[in-house]
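Dear colleague,

I am passing on the structure we spoke about, together with some notes on what turned up when I went through it. Please look at it first and then read on.

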Amino acid sequence: MSIPWLPISIIGTAVAFYVGFKNNQAYDRLWEARKIWGAVVNSSRAWGSCVKAFIINKHAESPMSEDELFAVKKKLIYRHIAWLYTLRNQLLIPTPWEHISQNGLVAMVTRRRMKETGVGLYDDGQIENILGEFLPLDEKDRLIAYQNTATQIIDQQTSDIANLRDEEFLDGFKHIKLQGILNDLYDHQGKAERIKKFPLPRQYGAASFIFTGIFIFLLPFGMVSEFHKLGEFGSWVSIPFTVLICWVYITMELIGDYSENPFEGLSNDIPMLSLCRVIEIDLKEMLGEEHIPEGIKAKNGVLM
């Protein structure tokens with residue numbers, strides 16, 4: 001049994017265009033997510049530098065000692081580190097359309113991949129313990145009770161710098177500058193949440209899988225007729241070539257499928273833990289601390 005090659009080739013061309021479009025959009029989501037976290041790195045360094053330089057006794061009515069001033073700066077910088085890890089934790093919460101939330105084999109394979117080549121490679125502890133390292137106990141218990149803890153952490157930062165402005169530890173210009181950085185952090189968080197909470201439209205995400213399946217089902221019937229022109233042996237030669245073409249199309253489909261959710265916790269996702277640690281190291285060095293954590297290293301060729 002065979003099918004003329006022309007209709008199969010037309011279907012294959014259409015599927016290739018469709019899958020290519022899906023992959024382009026999936027890559028755009030992945031690259032935008034990386035740019036967002038690059039902006040988080042830049043804004044975090046700006047926050048640490050400005051907090052360190054702007055909060056001074058020059059115009060304060062009741063000046064603080066150097067140790068008290070340092071404690072205020074450390075509190076603001078440590079709270080920002082808590083915001084970083086909180087944001088990462090919130091972005092890793094599964095959504096209904098991600099692979100871990102699917103039924104059957106897909107979810108089972110995804111759980112294994114997360115353990116072997118994903119977030120399971122790194123035991124970074126529970127978010128409660130992480131926040132306990134950077135926030136006072138009463139503040140941690142209060143903030144973690146909110147539905148969006150990251151948002152409330154920045155709100156707490158806003159309240160603190162407003163109080164510092166009232167007490168004249170910040171002048172008007174410096175207060176506006178610090179608030180501008182916090183507004184930028186809200187902007188970065190909102191962009192990341194938009195990617196996390198709004199999937200690639202399913203008419204593109206799901207239909208390409210169906211089209212690829214139809215093409216793979218029809219392909220052997222067209223390949224047999226074409227290779228049979230080479231003789232009886234040609235029909236057998238069509239098998240490896242059919243498998244190769246099917247593999248290429250399936251791989252293209254899977255590349256797009258696993259790129260459209262860049263905060264899923266799999267091996268090709270944004271290395272948020274590594275970026276959080278980079279920022280933590282930078283900010284602690286700004287404070288002049290001696291005990292600096294090591295950077296996150298790749299495991300099994302994967303950097304998370």
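Let me begin with a single residue: Glu168 counts as partly exposed, because its relative accessibility of 29% falls between the limits of under 20% for buried and over 50% for exposed. Please bear in mind that this is a predicted model, and that every value below is computed from it. Glu168 sits in the loop that links α6 (149-166) to α7 (172-197), and although Glu168 is not a glycine, its phi is positive, at about 70°.

A second residue with a backbone of this kind is Asn300, which is likewise not a glycine and has a positive phi of about 55°. Asn300 belongs to the segment that follows α11, and with a relative accessible area of 62% it is exposed, since that value is over 50%.

Turning to the chain as a whole, you will find 11 helices and 0 strands. The radius of gyration is 26 Å, well over the 19 Å that the globule rule gives for 304 residues, so the chain is more spread out than a compact globule. Along its principal axes, the C-alpha trace spans about 95 × 35 × 30 Å. Of the 304 residues, 43% count as buried, and the accessible surface comes to about 16100 Å², with 61% of that area belonging to carbon and sulfur atoms. Among contacts with a separation of 6 or more, 78% are made by residues 24 or more positions apart. As for charge, the chain carries 31 positive and 37 negative charges, and the mean positions of these two groups are 4 Å apart.

The UniProt record, an unreviewed entry, places the feature "transmembrane region" at residues 6-21, 204-221 and 233-250; please note that such annotations may be inferred rather than shown by experiment. In the model, residues 6-21 are 100% helix, and the end C-alpha atoms of that span lie 23 Å apart. Residues 204-221 are 94% helix and 0% strand, with end C-alpha atoms 27 Å apart.

Three buried residues may also interest you, and I take them in sequence order.

Tyr78 is part of helix α2 (residues 66-91), and it counts as buried because its relative accessible area of 12% is under 20%. Setting aside neighbours within four places in sequence, Tyr78 is in contact with Glu133, Phe134, Lys284, Leu287 and Glu289. Of the pair Tyr78 and Phe134, one can add that the two are 56 residues apart in sequence, while their C-alpha atoms are 5.1 Å apart in space.

Thr242 is found in helix α10 (residues 232-257) and is buried, with a relative accessible area of 9%. Once residues up to four places away in sequence are left out, Thr242 touches Leu219, Pro220 and Met223.

Which residues does Glu260 contact, leaving aside its neighbours within four places in sequence? The partners are Lys22, Ala26, Arg29, Leu200, Arg202 and Gly205. Glu260 itself lies in the loop between α10 and α11 (272-286), and at 2% relative accessibility it counts as buried.

With best wishes

Notes. Residues are numbered from 1 along each chain as its sequence is written. This is a predicted model: local features need pLDDT of at least 70, side-chain atom pairs count only at pLDDT 80 or more; totals for chains, interfaces and linings use all residues. Side-chain values use heavy atoms; hydrogens and water are left out. Helices (H or I, at least four residues) and strands (E, at least two) are DSSP runs, numbered from the N terminus. The radius of gyration is taken over C-alpha atoms; the globule rule is 2.2 Å times the number of residues to the power 0.38. Buried means under 20% relative accessible area, exposed over 50%, partly exposed in between (1.4 Å probe, protein chains only). Contact means heavy atoms within 4.5 Å. Accessible areas come from the Shrake-Rupley method with a 1.4 Å probe; for residues, only the protein chains shown count as cover. Lys and Arg count as positive and Asp and Glu as negative; His and the chain ends are not counted. The place of a charge is taken as NZ of Lys, CZ of Arg, CG of Asp or CD of Glu.
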